[in-house]
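I opened the notebook today to go through the empty spaces, the aromatic contacts and one helix of this model. I write down what I looked up, in the order in which I looked.

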Amino acid sequence: MILFWLIAVPLIGGLGAWYAERLGGQLTRWITLAALLLDALILLPLFGAGETPWLASLTLPWIPRFGVSFHLAMDGLSLMLSTLTLFLGLIALGCSWTEIKERVGFFHFNLLWTVAGVIGVFLALDLLLFFFFWETMLIPMYFLISIWGHENRAYAAIKFFIFTQVSGLLMLIAILALVFLHQKATGKLSFDYLDLLNSGMDLATARWVMLGFFLAFAVKLPSVPFHTWLPDAHTQAPTGGSVLLAGILLKTGAYGLLRFVVPLFPEASRDFAPIAMLLGAVSIVYAAKLAFAQSDFKRLIAYTSVSHMGFVLVGVFAFNVYATQGAVMTMLAHGISAAALFMIAGALQERLHTREMSRMGGFWAKAPRLGALTLFFSVAALGMPGLGNFIGEFLVLLGAYRVSLPLTALAALGLVGAPIYALIVMQKVFHGPPAEHQPADFRWRETGLLAAMMAATLWLGLYPQPMLTRSADAVAVLEKAAGEAHP
């Protein structure tokens, strides 16, 4: 029942936080903190569960007439991503502690339900249950943007909802097609992932069904040309919303590619790999170029997220152990570094009431802690050796090199673009002529949150072996699928 409570605790905590609003905003915040810490304690024993492929599982009957069950399971990949979710949930709570002053209870309800929905996505092994959690995490995020966002929040929230809903419906159609084709081939109606791994459909049909899954996950990743919702959502979301969006919601798209697209459709995925890798490489370069042209701090970071997630797409479809583990490491490292940069951008907006870098300058002298932390995470984002992002992107390029030299060279251009936009941020915001309004430096709460993220980034960069070991079983499943597709 550990997996059940991992989802139930934030759901119950969210209801409690919403109800406690009438008793004061401070109580709401403490209830949210208690729910997230309790969930982390529930997760803790799974780190000692040994080296078995599935660390825990739970199957309960749900709608047996239609082959639907409440099937949850956790392997090393979902353990790492669930840990990242809870860690960034705590960071989102901390950076929203003073920012959110209206409808505090409902805000924390949406924060906790987003966390619950994302953990459900990482644990669900019944495809209808997976779709249920996929939709569950979107609605609270829509409210986070539309209620507590900035000046154009309504436009950004509706655009986010339309993109994700259309892609979600496309995935539902693909799920139903897969289930009915499996029933036709085997005579068994089942939405269970383990049953559907061997659906027995012909290659031409598998290509179409795989494409439905791929498009749904590519929108959420996001990949060019499906990325246009992301900069608007990030720009208008409150700081806590941006942290969740960049840190964990984008990772659900990458997780879907790793968990469902490649294992369920190994041969079709292998045939589609050159196109997917090209989309990933184009995303890296194109989004880096767009980041270079931005004057809005949060919009610049949003485009860098699109660029970095391009490495994940290249890594997943390179079909070798180096690239796949690089994709997993990039998911973890980018989740932390991007969330930190959005937290810094949110802190500047809270102090200056602007995101325009042309109205900033000379902040280092007035706010040295803010400047030093921004420099650290900018350096992390550009892939400096010794930090987490470098390990991920290096492994992706190493694996991609074995598959396609031209695509690897194109993707590597992103490593050239990243230092350029990182230096632009540091030069425009923290050096040069001092702006009229200077921000106050980070206080202990903000410094402590970013110090925790700094320690995690250093750990991923200096000692990545535990993460590589934990992801090895999931990577082995992909390798096996690839081997079966082309023995």
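**Aromatic contacts**

I began with Phe122, which has a relative accessibility of 1% and therefore counts as buried, since the cut-off for that word is under 20%. I kept in mind throughout that this is a predicted model. Tyr255 comes out at 1% relative accessibility, so I entered it as buried too.

I then looked up how these two rings stand to one another: Phe122 and Tyr255 form an aromatic pair that is edge-to-face, with 5.1 Å from centre to centre and 75 degrees between the planes. The pair joins distant parts of the chain, because Phe122 belongs to helix α4 (residues 104–123) and Tyr255 to helix α10 (residues 239–264), with the two positions 133 residues apart in the numbering.

Next I took Phe376 and Phe377, whose ring centres are 5.0 Å apart and whose planes stand at 90 degrees, so this pair is edge-to-face. I noted that both Phe376 and Phe377 are buried.

How many aromatic pairs does the structure hold? My search gave 32. I also found a cluster linked by ring pairs, made up of Trp18, Phe106, Phe107, Phe109, Trp113, Tyr142, Phe143, Trp148 and Phe161. Under charges and rings I entered Lys220, whose charged end sits over the ring of Trp134 at 4.0 Å from the ring centre.

**Closed cavities**

I searched the whole structure for cavities of 30 Å³ or more and found five. The largest cavity has a volume of about 100 Å³, and among the residues that line it I listed Phe297, Leu300, Leu341, Ser378, Tyr421 and Val425. Helices α12 (297–316), α15 (368–381) and α17 (405–430) each supply at least two residues of this lining. Sorted by class, the lining of the largest cavity has ten nonpolar and two polar residues, and no charged ones.

For the second largest cavity I noted a volume of about 70 Å³, with a lining that includes Cys95, Thr239, Met343, Glu350, Arg445 and Glu446. By class, I counted four nonpolar, three polar and three charged residues in the lining of the second largest cavity. Both α13 and α18 supply at least two residues to it, and the largest share, four residues, comes from α13.

**Helix α13**

As α13 had come up, I checked its geometry: at 1.5 Å a residue its 32 residues should span 46 Å, and the end C-alpha atoms are 46 Å apart, which agrees. I then asked how much of α13 is covered, and found that 29 of its 32 residues are buried. After α13 comes His353, for which I noted a positive phi near 60 degrees.

**The second largest pocket**

I ended with the second largest pocket, which holds about 380 Å³ of space. Its lining has 15 residues, and those closest to the pocket centre are Met80, Thr83, Trp459, Leu460 and Met467. The elements that give two or more residues to this lining are α3 (76–95), α13 (321–352), α18 (444–462) and α19 (465–485).

Which element gives the most to the lining of this pocket? I found that α19 does, with five residues. By class, I entered eleven nonpolar, three polar and one charged residues for the lining of the second largest pocket.

Definitions and conventions. Residues numbered from 1 in each chain as written. Predicted model: local features only at pLDDT ≥ 70, side-chain atom pairs only at ≥ 80, totals over all residues. Heavy atoms only, no water. 1 Å grid on protein atoms, 1.4 Å probe; cavity = no way out; pocket = protein on both sides within 12 Å on 5 of 7 lines; lining within 4 Å. Points joined across faces, edges and corners; volume = space filled by probe spheres on them. Nonpolar A, V, L, I, M, F, W, Y, C, P; charged D, E, K, R; others polar. Expected span 1.5 Å × (residues − 1). Buried < 20%, exposed > 50% of the residue type's maximum accessible area, 1.4 Å probe, protein only. Phe/Tyr/Trp six-rings, centres within 6.5 Å; stacked < 30°, edge-to-face > 60°. Lys NZ or Arg CZ within 6 Å of the ring centre and 35° of its normal.
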